Amino acid sequence: MQVRSILLPTDFSECGNYALSYATSLARKFGASIVFLHVIEPIVPSVGYSGMTEPLPIADISDQLEDSAERELPKFAECEECAGLEIEEMIVHGEAASEIVRVAKDREIDLIVVSSHGRTGLGRILFGSTAEAVVRHASCPVLVVKPTEEK
C-alpha cells in the first residue's frame, strides 16, 4: 500500500478531531501530505411559524460559518503534531459525506482518516453516520477512528 496523500475531514469538534493523531502518525510513516477538509453543510430553513417576525438571514449564517472555518482550519497546520508535514486546507460546501468522497476522488487521495462520533441507535438514525457513508462510497481505503469511552 502506497500512501502519498491523506484526507482528514473535520467538523472542529473534540470528537471530530480525535483522528488528527492517527493521520499525522500515518503521514510521517508514509511521507504523505495531509489535506484538512471542512464541509459547510447547507442550512435548511425551518417551515412553519417560529415566533420570529423576521426570517433568519441564511446567507449571513453561511458567511459566518465560512469565516469561522477560515479561522479554525489553519490552527491544524500550526499544531505540534503537524510540524514538518505538508499540509493543505480546504473548505467546501455541500453534504458532508458526499463532499468528502468527491474531494477524495478529485484529488486522488490515497487514504481517508475520519473520526466517528460513535452514535448508535436513535442518535445514529436521527443524525446519520457520515463515517459510514464515506466508507460505503469512497474509492480509496478509509480508516475510521472511534474515540475511547472516556471521550
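In this predicted model, R4 is partly exposed, with a relative accessibility of 47%. Its salt-bridge partner is D110, and the closest N and O atoms of the two side chains lie 3.4 Å apart. The contact links distant parts of the chain: R4 belongs to the segment before β1 (5-9), while D110 sits in the loop between α3 (96-106) and β4 (111-115), 106 residues apart. Unlike the arginine, D110 counts as buried, because its relative accessible area of 14% falls under the 20% cut-off.

The loop between α3 and β4 also holds R107, which pairs with E88 of strand β3 (residues 87-93), so parts 19 residues apart in sequence are tied together. Here the closest N and O atoms come to 2.6 Å. R107 is partly exposed at 34% relative accessibility, and E88 is likewise partly exposed, at 31%.

A further salt bridge joins the side chains of E132 and R136, at 2.8 Å from N to O. Both residues lie in helix α5 (residues 130-137), four residues apart, or about one turn of the helix. E132 is partly exposed at 24% relative accessibility, whereas R136 is exposed at 61%. Elsewhere, E99, R102 and D106 are joined into one network by salt bridges that share partners. The count of salt bridges comes to six.

Turning to helix α1 (residues 20-30), its buried residues are L20, A23, T24 and A27. These residues lie on the same side of α1, because they cover an arc of only 95 degrees around the axis. Just after the helix, G31 adopts a positive phi of about 70 degrees.

Definitions and conventions: Residues numbered from 1 in each chain as written. Predicted model: local features only at pLDDT ≥ 70, side-chain atom pairs only at ≥ 80, totals over all residues. Heavy atoms only, no water. Buried < 20%, exposed > 50% of the residue type's maximum accessible area, 1.4 Å probe, protein only. Helix = DSSP H or I, 4+ residues; strand = E, 2+ residues; numbered from the N terminus. Arc of directions from axis to C-beta. Salt bridge = Lys/Arg side-chain N within 4 Å of Asp/Glu carboxyl O.
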